[in-house]
Amino acid sequence: MKRSTWRRPPQPRRARHAPGAETLAQAALAVHAVVFEGRSADTALEAAHERIDRAAVRAIALGTLRWYLRLAPAIAPLSNRPFEELAPKLAALLVTAAHQVEYSRGAAEAQVHLAVDASRVIGEGRASGVVNAMLRRFVANRAESLAVADADVAQRHAHPRWLVDAIRQAWGERTESILAANNQHPPMVLRIADESGIDDFLRAWRASGRDARAVPWNPRAVVLERPAAVQTLPGFELGTVSVQDAGAQLAAPLLDARAGMRVLDACAAPGGKTLHIAQRTPDLAELVAIDDDPLRLVRVRENLQRAGRDALLVAADLTGMPPSFGKASFDRVLVDAPCSATGVIRRHPDIKLLRRAADIDGFAATQRRILDTAFELLRAGGTLIYCTCSVLPAENEAVVSAFLERRTDAAVAPWPDSAPRPPGLLERAVGWQLLPGGDAGTDGFYYACLTRHS
Ligand SMILES: C[S@@+](CC[C@H](N)C(=O)[O-])C[C@H]1O[C@@H](n2cnc3c(N)ncnc32)[C@H](O)[C@@H]1O
(Lines give C-alpha, C1' and ligand atoms only; values in the text may rest on other atoms or scores of the structure.)
Protein backbone atom coordinates (compact mmCIF):
# COMPACT_ATOMS: atom_id res chain seq x y z
CA MET A 1 0.00 0.00 0.00
CA LYS A 2 1.24 3.36 -0.95
CA ARG A 3 2.16 5.28 2.11
CA SER A 4 0.45 8.61 2.49
CA THR A 5 2.69 11.60 1.83
CA TRP A 6 0.36 13.88 3.72
CA ARG A 7 2.09 15.80 6.41
CA ARG A 8 0.55 17.85 9.14
CA PRO A 9 1.04 21.51 8.17
CA PRO A 10 3.32 23.44 10.47
CA GLN A 11 1.36 24.69 13.43
CA PRO A 12 1.96 28.06 14.98
CA ARG A 13 4.05 27.36 18.08
CA ARG A 14 1.91 27.67 21.14
CA ALA A 15 3.05 30.56 23.27
CA ARG A 16 4.30 29.12 26.51
CA HIS A 17 2.70 31.94 28.42
CA ALA A 18 -0.22 34.28 27.90
CA PRO A 19 0.74 37.35 25.85
CA GLY A 20 1.90 39.97 28.32
CA ALA A 21 3.05 37.52 30.99
CA GLU A 22 6.67 37.81 29.86
CA THR A 23 6.43 41.61 29.97
CA LEU A 24 4.97 41.52 33.47
CA ALA A 25 7.66 39.06 34.57
CA GLN A 26 10.49 41.23 33.23
CA ALA A 27 9.03 44.27 34.97
CA ALA A 28 8.75 42.30 38.22
CA LEU A 29 12.40 41.19 37.92
CA ALA A 30 13.46 44.83 37.49
CA VAL A 31 11.40 45.79 40.55
CA HIS A 32 13.04 42.93 42.46
CA ALA A 33 16.52 44.15 41.44
CA VAL A 34 15.78 47.63 42.80
CA VAL A 35 13.93 46.71 45.98
CA PHE A 36 15.88 43.64 47.06
CA GLU A 37 19.29 44.11 45.43
CA GLY A 38 19.62 47.89 45.66
CA ARG A 39 20.27 48.39 41.94
CA SER A 40 19.12 51.52 40.14
CA ALA A 41 16.06 51.18 37.91
CA ASP A 42 18.12 52.13 34.85
CA THR A 43 20.62 49.35 35.54
CA ALA A 44 17.89 46.86 36.37
CA LEU A 45 15.97 47.65 33.19
CA GLU A 46 19.03 47.13 31.01
CA ALA A 47 18.65 43.44 31.83
CA ALA A 48 15.15 43.25 30.26
CA HIS A 49 15.19 40.78 27.41
CA GLU A 50 15.45 42.27 23.95
CA ARG A 51 12.56 40.20 22.62
CA ILE A 52 10.24 42.05 24.95
CA ASP A 53 8.49 45.39 24.48
CA ARG A 54 11.03 47.30 26.53
CA ALA A 55 8.93 50.44 26.70
CA ALA A 56 6.10 48.46 28.29
CA VAL A 57 8.48 46.77 30.76
CA ARG A 58 9.89 50.16 31.70
CA ALA A 59 6.47 51.76 32.16
CA ILE A 60 5.22 48.92 34.37
CA ALA A 61 8.43 48.76 36.43
CA LEU A 62 8.66 52.51 37.01
CA GLY A 63 4.95 52.71 37.82
CA THR A 64 5.34 49.88 40.34
CA LEU A 65 8.41 51.52 41.91
CA ARG A 66 6.49 54.80 42.12
CA TRP A 67 3.70 53.14 44.12
CA TYR A 68 5.59 50.26 45.78
CA LEU A 69 5.41 51.69 49.28
CA ARG A 70 1.63 52.07 48.97
CA LEU A 71 0.89 48.75 47.28
CA ALA A 72 3.14 46.47 49.36
CA PRO A 73 1.39 47.39 52.66
CA ALA A 74 -2.00 47.10 50.91
CA ILE A 75 -1.43 43.52 49.75
CA ALA A 76 0.75 42.24 52.61
CA PRO A 77 -2.21 41.45 54.92
CA LEU A 78 -3.76 39.30 52.15
CA SER A 79 -0.95 36.76 52.45
CA ASN A 80 -1.47 33.65 54.57
CA ARG A 81 2.22 33.74 55.48
CA PRO A 82 4.02 36.88 56.69
CA PHE A 83 4.64 38.88 53.50
CA GLU A 84 8.33 39.41 54.41
CA GLU A 85 8.83 35.64 54.38
CA LEU A 86 7.75 35.25 50.74
CA ALA A 87 10.53 34.75 48.20
CA PRO A 88 11.70 38.24 47.16
CA LYS A 89 10.94 37.64 43.45
CA LEU A 90 7.46 36.48 44.36
CA ALA A 91 6.88 39.56 46.53
CA ALA A 92 8.08 41.79 43.68
CA LEU A 93 5.75 40.04 41.23
CA LEU A 94 2.77 40.40 43.58
CA VAL A 95 3.35 44.14 43.99
CA THR A 96 3.93 44.58 40.25
CA ALA A 97 0.69 42.73 39.47
CA ALA A 98 -1.14 44.77 42.12
CA HIS A 99 0.13 47.87 40.34
CA GLN A 100 -1.37 46.60 37.10
CA VAL A 101 -4.68 45.85 38.81
CA GLU A 102 -4.82 49.31 40.38
CA TYR A 103 -3.21 51.58 37.79
CA SER A 104 -3.46 49.92 34.34
CA ARG A 105 -6.43 50.02 32.00
CA GLY A 106 -6.50 46.23 31.63
CA ALA A 107 -9.26 44.20 33.27
CA ALA A 108 -8.32 43.17 36.81
CA GLU A 109 -9.15 39.49 36.20
CA ALA A 110 -6.84 39.40 33.18
CA GLN A 111 -4.01 40.84 35.27
CA VAL A 112 -4.42 37.98 37.75
CA HIS A 113 -4.11 35.42 34.94
CA LEU A 114 -1.00 37.17 33.60
CA ALA A 115 0.56 37.20 37.06
CA VAL A 116 -0.05 33.46 37.49
CA ASP A 117 1.71 32.85 34.17
CA ALA A 118 4.45 35.32 35.07
CA SER A 119 5.15 33.43 38.29
CA ARG A 120 6.30 30.51 36.10
CA VAL A 121 8.45 32.80 33.94
CA ILE A 122 10.35 34.05 36.98
CA GLY A 123 10.84 30.53 38.34
CA GLU A 124 8.23 30.77 41.08
CA GLY A 125 5.71 28.46 39.41
CA ARG A 126 5.25 26.46 42.62
CA ALA A 127 3.75 29.57 44.18
CA SER A 128 1.29 30.22 41.34
CA GLY A 129 -1.55 29.25 43.68
CA VAL A 130 -0.41 31.87 46.19
CA VAL A 131 -0.26 34.47 43.40
CA ASN A 132 -3.74 33.54 42.23
CA ALA A 133 -5.26 33.57 45.72
CA MET A 134 -3.63 36.79 46.93
CA LEU A 135 -4.40 38.76 43.81
CA ARG A 136 -8.00 37.54 43.71
CA ARG A 137 -8.39 38.73 47.28
CA PHE A 138 -6.88 42.08 46.28
CA VAL A 139 -9.23 42.43 43.30
CA ALA A 140 -12.23 41.60 45.51
CA ASN A 141 -11.21 43.91 48.41
CA ARG A 142 -9.16 46.53 46.64
CA ALA A 143 -10.90 49.61 48.05
CA GLU A 144 -10.69 48.39 51.65
CA SER A 145 -7.09 47.18 51.33
CA LEU A 146 -5.96 50.51 49.92
CA ALA A 147 -8.00 52.52 52.42
CA VAL A 148 -6.19 50.82 55.29
CA ALA A 149 -2.80 51.56 53.69
CA ASP A 150 -3.82 55.13 52.85
CA ALA A 151 -4.64 55.96 56.47
CA ASP A 152 -0.90 56.50 56.86
CA VAL A 153 0.45 59.57 55.05
CA ALA A 154 3.78 57.96 54.08
CA GLN A 155 1.99 54.93 52.61
CA ARG A 156 -0.68 57.07 50.91
CA HIS A 157 2.06 58.91 49.02
CA ALA A 158 4.29 55.83 48.72
CA HIS A 159 7.32 57.43 50.37
CA PRO A 160 9.64 56.04 53.05
CA ARG A 161 8.75 57.41 56.46
CA TRP A 162 12.21 58.91 57.11
CA LEU A 163 11.89 60.99 53.94
CA VAL A 164 8.38 62.19 54.80
CA ASP A 165 9.70 63.23 58.22
CA ALA A 166 12.69 65.03 56.69
CA ILE A 167 10.51 66.84 54.14
CA ARG A 168 8.00 67.79 56.83
CA GLN A 169 10.73 69.11 59.08
CA ALA A 170 12.04 71.28 56.23
CA TRP A 171 8.85 72.27 54.44
CA GLY A 172 5.97 71.95 56.94
CA GLU A 173 2.63 72.49 55.28
CA ARG A 174 4.10 72.16 51.78
CA THR A 175 4.90 68.50 52.51
CA GLU A 176 1.85 66.85 50.96
CA SER A 177 2.12 68.92 47.78
CA ILE A 178 5.80 67.86 47.42
CA LEU A 179 4.91 64.20 48.00
CA ALA A 180 2.05 64.38 45.50
CA ALA A 181 4.27 66.08 42.90
CA ASN A 182 6.89 63.35 43.36
CA ASN A 183 4.32 60.82 42.15
CA GLN A 184 3.36 62.70 38.99
CA HIS A 185 4.57 61.52 35.61
CA PRO A 186 7.33 63.99 34.72
CA PRO A 187 6.97 66.27 31.72
CA MET A 188 9.62 66.03 29.01
CA VAL A 189 11.30 69.43 28.95
CA LEU A 190 13.68 70.63 26.26
CA ARG A 191 16.28 73.34 26.11
CA ILE A 192 16.49 75.08 22.76
CA ALA A 193 20.07 76.32 22.39
CA ASP A 194 19.12 79.44 20.49
CA GLU A 195 16.30 81.48 21.97
CA SER A 196 15.13 82.49 18.51
CA GLY A 197 14.81 78.80 17.63
CA ILE A 198 11.84 78.24 19.95
CA ASP A 199 9.23 79.34 17.41
CA ASP A 200 10.82 77.19 14.70
CA PHE A 201 10.82 74.20 17.02
CA LEU A 202 7.19 74.69 18.04
CA ARG A 203 6.15 75.09 14.39
CA ALA A 204 7.98 71.94 13.31
CA TRP A 205 6.67 69.98 16.29
CA ARG A 206 3.08 71.01 15.71
CA ALA A 207 3.39 70.32 11.99
CA SER A 208 4.20 66.73 12.92
CA GLY A 209 0.85 66.49 14.71
CA ARG A 210 2.21 66.83 18.25
CA ASP A 211 1.97 69.71 20.68
CA ALA A 212 4.30 71.56 23.02
CA ARG A 213 4.34 74.85 24.91
CA ALA A 214 6.96 77.44 25.73
CA VAL A 215 7.75 78.07 29.41
CA PRO A 216 6.77 81.69 30.17
CA TRP A 217 9.62 82.43 32.61
CA ASN A 218 12.38 80.62 30.71
CA PRO A 219 12.96 81.82 27.13
CA ARG A 220 14.73 78.61 26.08
CA ALA A 221 12.52 75.94 27.63
CA VAL A 222 9.79 73.93 25.90
CA VAL A 223 7.51 71.36 27.53
CA LEU A 224 6.29 68.57 25.28
CA GLU A 225 2.65 67.62 25.62
CA ARG A 226 3.77 63.98 25.55
CA PRO A 227 7.24 62.45 25.94
CA ALA A 228 8.89 61.48 22.66
CA ALA A 229 11.97 59.55 21.58
CA VAL A 230 14.92 61.96 21.39
CA GLN A 231 15.70 60.85 17.82
CA THR A 232 12.36 62.33 16.73
CA LEU A 233 13.14 65.79 18.12
CA PRO A 234 13.98 68.23 15.32
CA GLY A 235 17.45 69.58 16.08
CA PHE A 236 18.43 66.93 18.63
CA GLU A 237 21.11 65.33 16.44
CA LEU A 238 22.62 68.78 15.80
CA GLY A 239 22.61 69.64 19.48
CA THR A 240 20.32 72.63 19.07
CA VAL A 241 17.74 70.76 21.16
CA SER A 242 18.57 68.97 24.43
CA VAL A 243 16.49 67.27 27.09
CA GLN A 244 16.86 69.27 30.32
CA ASP A 245 14.40 70.20 33.04
CA ALA A 246 13.63 73.94 33.12
CA GLY A 247 15.05 74.13 36.67
CA ALA A 248 18.33 72.53 35.61
CA GLN A 249 18.51 75.13 32.83
CA LEU A 250 19.17 77.80 35.47
CA ALA A 251 22.73 76.69 36.29
CA ALA A 252 24.43 78.14 33.20
CA PRO A 253 22.67 81.56 33.36
CA LEU A 254 23.48 81.80 37.08
CA LEU A 255 27.13 81.00 36.33
CA ASP A 256 27.03 83.78 33.75
CA ALA A 257 30.33 82.90 32.05
CA ARG A 258 31.67 85.50 29.62
CA ALA A 259 33.93 85.38 26.58
CA GLY A 260 37.59 84.73 27.42
CA MET A 261 36.90 83.19 30.84
CA ARG A 262 38.27 79.93 32.26
CA VAL A 263 35.36 77.82 33.49
CA LEU A 264 35.33 74.63 35.55
CA ASP A 265 32.37 72.25 35.66
CA ALA A 266 33.44 70.33 38.76
CA CYS A 267 30.89 67.47 38.73
CA ALA A 268 30.07 67.35 35.07
CA ALA A 269 28.61 64.01 33.98
CA PRO A 270 26.48 63.32 32.02
CA GLY A 271 27.13 66.83 30.79
CA GLY A 272 23.77 68.55 30.42
CA LYS A 273 25.09 71.67 32.11
CA THR A 274 28.55 71.46 30.49
CA LEU A 275 26.88 71.62 27.09
CA HIS A 276 24.64 74.47 28.18
CA ILE A 277 27.69 76.47 29.37
CA ALA A 278 29.55 75.73 26.10
CA GLN A 279 26.57 76.75 23.97
CA ARG A 280 25.76 79.86 25.97
CA THR A 281 29.35 81.16 25.76
CA PRO A 282 31.13 79.60 22.79
CA ASP A 283 34.21 81.83 23.08
CA LEU A 284 35.47 80.81 26.51
CA ALA A 285 39.25 80.68 27.01
CA GLU A 286 38.84 77.18 28.45
CA LEU A 287 36.10 74.86 29.66
CA VAL A 288 37.21 72.03 31.94
CA ALA A 289 34.76 69.26 32.87
CA ILE A 290 35.69 66.92 35.72
CA ASP A 291 33.89 63.82 36.91
CA ASP A 292 35.14 60.92 38.98
CA ASP A 293 33.11 58.40 36.97
CA PRO A 294 34.95 57.71 33.69
CA LEU A 295 31.98 55.87 32.18
CA ARG A 296 29.63 58.77 32.83
CA LEU A 297 32.28 61.14 31.45
CA VAL A 298 31.88 59.42 28.06
CA ARG A 299 28.33 60.81 28.04
CA VAL A 300 29.76 64.33 28.47
CA ARG A 301 31.91 63.81 25.37
CA GLU A 302 28.90 62.51 23.41
CA ASN A 303 26.73 65.42 24.50
CA LEU A 304 29.36 67.96 23.49
CA GLN A 305 30.09 66.23 20.19
CA ARG A 306 26.41 66.18 19.27
CA ALA A 307 26.52 69.97 19.32
CA GLY A 308 30.01 70.32 17.85
CA ARG A 309 31.43 71.67 21.14
CA ASP A 310 34.52 70.78 23.06
CA ALA A 311 35.91 70.84 26.58
CA LEU A 312 38.89 69.44 28.43
CA LEU A 313 37.51 66.31 30.10
CA VAL A 314 39.20 65.03 33.25
CA ALA A 315 38.24 61.73 34.87
CA ALA A 316 39.26 62.28 38.50
CA ASP A 317 38.03 62.76 42.02
CA LEU A 318 38.01 66.55 42.33
CA THR A 319 38.99 66.36 45.99
CA GLY A 320 42.10 64.36 45.15
CA MET A 321 43.42 66.60 42.36
CA PRO A 322 47.11 67.48 42.70
CA PRO A 323 47.77 70.93 44.22
CA SER A 324 49.19 72.02 40.85
CA PHE A 325 45.74 71.73 39.27
CA GLY A 326 44.39 75.19 38.51
CA LYS A 327 44.62 76.68 42.02
CA ALA A 328 42.74 80.00 42.09
CA SER A 329 42.72 80.13 38.30
CA PHE A 330 39.08 79.74 37.25
CA ASP A 331 36.76 82.69 36.71
CA ARG A 332 33.70 80.51 37.11
CA VAL A 333 33.17 77.20 38.87
CA LEU A 334 30.01 75.11 38.79
CA VAL A 335 29.54 72.56 41.58
CA ASP A 336 26.52 70.42 40.68
CA ALA A 337 27.14 68.21 43.66
CA PRO A 338 26.27 64.50 44.01
CA CYS A 339 23.21 64.37 46.26
CA SER A 340 20.20 62.36 47.41
CA ALA A 341 18.32 63.43 44.23
CA THR A 342 15.18 63.89 46.33
CA GLY A 343 14.18 66.74 43.99
CA VAL A 344 13.91 64.45 40.96
CA ILE A 345 11.85 61.60 42.41
CA ARG A 346 9.16 62.09 39.77
CA ARG A 347 11.80 61.15 37.15
CA HIS A 348 13.50 58.46 39.27
CA PRO A 349 10.92 56.81 41.56
CA ASP A 350 13.51 54.19 42.54
CA ILE A 351 15.13 56.86 44.73
CA LYS A 352 12.32 56.34 47.25
CA LEU A 353 13.40 52.71 47.61
CA LEU A 354 17.16 53.10 47.33
CA ARG A 355 17.94 55.98 49.69
CA ARG A 356 18.27 55.53 53.44
CA ALA A 357 18.10 58.22 56.13
CA ALA A 358 21.75 57.55 56.98
CA ASP A 359 22.81 58.38 53.39
CA ILE A 360 22.14 62.08 53.88
CA ASP A 361 25.04 62.67 56.27
CA GLY A 362 27.33 60.88 53.81
CA PHE A 363 26.17 63.09 50.93
CA ALA A 364 26.63 66.21 53.06
CA ALA A 365 30.20 65.19 53.98
CA THR A 366 31.05 64.66 50.27
CA GLN A 367 29.38 67.96 49.34
CA ARG A 368 31.43 69.82 51.97
CA ARG A 369 34.68 68.32 50.64
CA ILE A 370 33.82 69.06 47.02
CA LEU A 371 32.76 72.63 47.78
CA ASP A 372 35.95 73.28 49.78
CA THR A 373 38.16 71.97 46.97
CA ALA A 374 36.23 73.69 44.18
CA PHE A 375 36.42 77.04 45.94
CA GLU A 376 40.22 76.75 46.09
CA LEU A 377 40.19 76.66 42.30
CA LEU A 378 38.22 79.91 41.99
CA ARG A 379 40.17 83.09 41.45
CA ALA A 380 39.51 86.20 43.54
CA GLY A 381 36.57 88.06 42.01
CA GLY A 382 35.21 84.87 40.48
CA THR A 383 31.80 83.22 40.93
CA LEU A 384 30.99 79.71 42.12
CA ILE A 385 27.52 78.20 41.75
CA TYR A 386 26.72 75.41 44.18
CA CYS A 387 23.64 73.41 43.27
CA THR A 388 21.92 70.10 43.99
CA CYS A 389 18.73 68.37 42.94
CA SER A 390 17.91 67.75 46.60
CA VAL A 391 15.06 69.23 48.64
CA LEU A 392 16.80 68.53 51.94
CA PRO A 393 18.41 71.55 53.67
CA ALA A 394 21.14 69.29 55.11
CA GLU A 395 22.58 69.02 51.59
CA ASN A 396 21.86 72.58 50.62
CA GLU A 397 21.86 75.66 52.85
CA ALA A 398 23.44 73.74 55.76
CA VAL A 399 26.43 72.86 53.54
CA VAL A 400 26.77 76.41 52.22
CA SER A 401 26.24 78.11 55.61
CA ALA A 402 28.91 75.95 57.25
CA PHE A 403 31.21 76.70 54.32
CA LEU A 404 30.69 80.45 54.75
CA GLU A 405 31.70 80.13 58.39
CA ARG A 406 34.91 78.36 57.38
CA ARG A 407 35.84 80.71 54.54
CA THR A 408 36.02 84.36 55.38
CA ASP A 409 37.00 85.13 51.77
CA ALA A 410 33.65 83.80 50.48
CA ALA A 411 30.50 85.89 50.13
CA VAL A 412 26.95 85.28 48.94
CA ALA A 413 25.98 86.93 45.68
CA PRO A 414 22.43 87.92 44.63
CA TRP A 415 20.43 86.22 41.88
CA PRO A 416 21.79 87.91 38.73
CA ASP A 417 19.32 90.05 36.79
CA SER A 418 20.43 88.30 33.61
CA ALA A 419 19.20 84.86 34.80
CA PRO A 420 15.54 83.85 34.41
CA ARG A 421 13.75 83.98 37.77
CA PRO A 422 11.19 81.19 38.12
CA PRO A 423 7.92 81.74 39.95
CA GLY A 424 7.79 80.02 43.33
CA LEU A 425 11.54 80.38 43.90
CA LEU A 426 12.01 80.20 47.67
CA GLU A 427 14.67 82.38 49.23
CA ARG A 428 16.52 80.46 51.95
CA ALA A 429 18.91 81.66 54.67
CA VAL A 430 21.55 81.14 51.97
CA GLY A 431 20.58 80.38 48.37
CA TRP A 432 17.27 79.52 46.69
CA GLN A 433 15.11 76.43 46.49
CA LEU A 434 12.73 75.20 43.82
CA LEU A 435 10.33 72.54 45.07
CA PRO A 436 8.55 69.80 43.11
CA GLY A 437 4.93 70.90 42.80
CA GLY A 438 5.99 74.56 42.92
CA ASP A 439 4.65 77.24 40.59
CA ALA A 440 7.50 76.86 38.10
CA GLY A 441 6.61 73.22 37.38
CA THR A 442 10.25 72.17 37.61
CA ASP A 443 12.04 69.40 39.43
CA GLY A 444 13.38 70.30 42.88
CA PHE A 445 16.67 72.23 42.81
CA TYR A 446 18.79 74.25 45.18
CA TYR A 447 21.11 77.04 43.99
CA ALA A 448 23.59 79.25 45.82
CA CYS A 449 25.77 81.93 44.20
CA LEU A 450 29.12 82.53 45.92
CA THR A 451 31.93 84.92 45.13
CA ARG A 452 35.52 85.01 46.31
CA HIS A 453 37.28 88.14 47.42
CA SER A 454 40.97 88.48 48.13
C1 LIG B 1 24.45 65.67 39.98
S2 LIG B 1 25.58 64.79 39.04
C3 LIG B 1 26.12 66.01 37.88
C4 LIG B 1 25.14 66.26 36.74
C5 LIG B 1 25.74 67.12 35.65
N6 LIG B 1 26.25 68.37 36.16
C7 LIG B 1 24.75 67.42 34.55
O8 LIG B 1 24.12 68.45 34.53
O9 LIG B 1 24.61 66.58 33.64
C10 LIG B 1 26.95 64.70 40.10
C11 LIG B 1 28.20 64.11 39.44
O12 LIG B 1 29.28 64.25 40.37
C13 LIG B 1 30.18 63.19 40.16
N14 LIG B 1 31.04 63.12 41.35
C15 LIG B 1 30.76 62.62 42.57
N16 LIG B 1 31.80 62.77 43.40
C17 LIG B 1 32.77 63.39 42.70
C18 LIG B 1 34.09 63.81 43.01
N19 LIG B 1 34.59 63.62 44.21
N20 LIG B 1 34.83 64.41 42.05
C21 LIG B 1 34.30 64.59 40.81
N22 LIG B 1 33.06 64.21 40.46
C23 LIG B 1 32.30 63.63 41.39
C24 LIG B 1 29.27 62.00 39.92
O25 LIG B 1 29.93 60.97 39.20
C26 LIG B 1 28.12 62.62 39.13
O27 LIG B 1 28.32 62.42 37.75
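**View 1. Ala 269 and the ligand in the predicted model.** Start with the backbone here: an N or O atom from the main chain of Ala 269 sits 3.1 Å from an oxygen atom of the ligand. How much of the ligand does the protein bury? On its own, the ligand would expose 610 Å², and the protein buries 86% of that. Ala 269 also leads into a cis peptide bond: the link from Ala 269 to Pro 270 has an omega near 5 degrees. As for where that puts us in the fold, Pro 270 is part of the loop that runs between strand 5 (262-265) and helix 13 (272-280).

**View 2. Two aspartates and the ligand's nitrogen atoms.** Look at the side chain of Asp 317, where a polar atom lies 2.8 Å from a nitrogen atom of the ligand. Asp 336 makes a contact with its side chain too, with an N or O atom 2.7 Å from a ligand nitrogen.

**View 3. The shell around the ligand.** There are 19 residues around the ligand, and the ones that come nearest are Asp 291, Arg 296, Asp 317, Leu 318 and Asp 336. What classes of residue make up this shell? Sorted that way, it has ten nonpolar residues, seven charged ones and two polar ones.

**View 4. The second largest pocket, between two domains.** This pocket has a volume of about 220 Å³. Its lining is made of 15 residues, and Val 35, Phe 36, Tyr 68, Leu 69 and Leu 353 are the closest to its centre. Why does the pocket lie between domain 1 (21-158) and domain 3 (248-452)? Because both domains give residues to its lining.

**View 5. What the lining of the second largest pocket is made of.** Which helices each supply at least two residues? They are helix 1 (21-37), helix 3 (54-75), helix 4 (88-103) and helix 15 (351-354). If you go through the lining by class, you'll find eleven nonpolar residues and four charged ones, with no polar residues.

**View 6. Ala 328, with a positive phi.** Check the backbone angle here: phi of Ala 328 is near 50 degrees, a positive value in a residue that isn't glycine. To find the spot, follow the loop between strand 7 (312-315) and strand 8 (330-336), which is where Ala 328 lies.

Note on methods: Residues numbered from 1 in each chain as written. Predicted model: local features only at pLDDT ≥ 70, side-chain atom pairs only at ≥ 80, totals over all residues. Heavy atoms only, no water. 1 Å grid on protein atoms, 1.4 Å probe; cavity = no way out; pocket = protein on both sides within 12 Å on 5 of 7 lines; lining within 4 Å. Points joined across faces, edges and corners; volume = space filled by probe spheres on them. Helix = DSSP H or I, 4+ residues; strand = E, 2+ residues; numbered from the N terminus. Nonpolar A, V, L, I, M, F, W, Y, C, P; charged D, E, K, R; others polar. Domains from an automatic or database assignment. Near = heavy atom within 4 Å. Polar contact = N/O pair within 3.5 Å; in protein donor to acceptor, adjacent residues only side chain to side chain. Areas by Shrake-Rupley, 256 points an atom, 1.4 Å probe, with all protein chains shown as cover.
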